[in-house]
Amino acid sequence: VGKTGKVYALDNQLVNVAALWARAKIRRLKNLKIVLADARETGLPSESIDTVFICDAFHEFGDNEGTLKELHRVLRPDGTLSIWDESEKKAHKNIGIALPLNLFSLEVQDKALIKLKKLG
């Protein structure tokens, strides 16, 4: 993200947020904002994020559709959502959840990784 970019790290578990906060302090990271929130209600401003990356967690979210709607809201126009899951089978399942909502188009699928582009 360079020197002027910002990274938001979101988790809904306080222990994970605390551990990340401690590691960020040790490394003196200034462009990392740690957010304790559910992915369905991030509290982030609308159209404020360029890219969302979810690594091996999307299958754990209780409300995938609600999460996708929230991510669509916070992504800027033409923003990207990348989801890496633990298997190609789960990637196919994630495509089946995301595309019928008509919020994203599929840009790339590479085994367990899917890259979606925000629509509208």
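Exposed here means over 50% relative accessible area, so Gly43, with a relative accessible area of 70%, falls on the exposed side. Everything in these views comes from a predicted model.

**View 1. Gly43, out in the loop between S2 and S3.**
Gly43 sits in the stretch of chain that links strands S2 and S3. At 70% relative accessible area, Gly43 is exposed because the cut-off is over 50%. Leaving aside its neighbours within four places in sequence, Gly43 still makes contact with Glu70 and Arg73. For a sense of scale, pick Ala9: Gly43 and Ala9 are 34 residues apart in sequence, with 13 Å between their C-alpha atoms.

**View 2. The whole chain, before zooming in further.**
The chain has 3 helices and 6 strands, and reading along the sequence gives β-α-β-β-α-β-α-β-β. Is the radius of gyration what a compact globule of 120 residues would have, or what else does the chain show? A compact globule would come in near 14 Å, and the chain has 15 Å, which agrees. The C-alpha trace spans about 40 × 30 × 25 Å along its principal axes. Among contacts between residues at least 6 apart in sequence, 65% join residues at least 24 apart. Of the 120 residues, 32% count as buried. The accessible surface comes to about 7,700 Å², and carbon and sulfur atoms own 51% of that. On the charge side, there are 19 positive and 16 negative side chains, and the centres of the two sets lie 9 Å apart.**View 3. The largest nonpolar core and its best-connected members.**
This core holds 19 residues, and Val52, Ile54, Leu68, Leu81 and Phe104 touch the most other members. Strand S3 (49-55), helix H2 (64-74), S4, helix H3 (88-98) and strand S6 (113-118) each put in at least two residues. Which element gives the largest share of this core? That is H3, with 4 residues. For a closer look at one of the hubs, take Ile54: not counting residues up to four places away in sequence, Ile54 touches Phe61, Leu71, Leu81, Ser82, Ile83 and Trp84.

**View 4. Helix H2, largely enclosed by the rest of the structure.**
Of the 11 residues of H2, 8 are buried, so the helix is largely enclosed by the rest of the structure. The buried set is Asn64, Gly66, Thr67, Leu68, Glu70, Leu71, His72 and Val74. What do these buried residues pack against? Their partners are S3, S4, H3, strand S5 (104-110) and S6.

**View 5. Thr67, a buried residue of H2.**
Thr67 belongs to helix H2. Its relative accessibility is 2%, so Thr67 counts as buried. Skipping residues up to four places away in sequence, Thr67 touches Ala39, Arg40, Phe58 and Phe61.

**View 6. Thr80 in strand S4 and Lys115 in strand S6.**
Start with Thr80, which is part of S4 (residues 75-84). At 10% relative accessibility, Thr80 counts as buried. Not counting residues up to four places away in sequence, Thr80 touches Asp50, Thr51, Val52, Leu75, Lys115, Leu116 and Lys117. Now move over to Lys115, which lies in S6. Lys115 has 34% relative accessibility and counts as partly exposed. Leaving aside neighbours within four places in sequence, Lys115 is in contact with Thr80, Leu81, Ser82, Ser105, Leu106, Glu107 and Val108. If you want a long-range reference, Lys115 and Asp11 are 104 residues apart in sequence and 21 Å apart in space, C-alpha to C-alpha.

**View 7. Positive phi at Arg28 and Asp78.**
Arg28 is not a glycine, yet has a positive phi of about 55°. Where does Arg28 lie? Look in the loop between helix H1 (14-26) and strand S2 (32-36). Arg28 is exposed, with a relative accessible area of 68%. Asp78 also has a positive phi, near 65°, in a residue other than glycine. Asp78 is found in strand S4. Is Asp78 buried or exposed? Exposed, with a relative accessible area of 56%.

Key: Residues are numbered from 1 along each chain as its sequence is written. This is a predicted model: local features need pLDDT of at least 70, side-chain atom pairs count only at pLDDT 80 or more; totals for chains, interfaces and linings use all residues. Side-chain values use heavy atoms; hydrogens and water are left out. Buried means under 20% relative accessible area, exposed over 50%, partly exposed in between (1.4 Å probe, protein chains only). Contact means heavy atoms within 4.5 Å. The radius of gyration is taken over C-alpha atoms; the globule rule is 2.2 Å times the number of residues to the power 0.38. Accessible areas come from the Shrake-Rupley method with a 1.4 Å probe; for residues, only the protein chains shown count as cover. Lys and Arg count as positive and Asp and Glu as negative; His and the chain ends are not counted. The place of a charge is taken as NZ of Lys, CZ of Arg, CG of Asp or CD of Glu. A nonpolar core is a set of buried Ala, Val, Leu, Ile, Met, Phe, Trp, Tyr and Cys residues joined through side-chain atoms within 4.5 Å.
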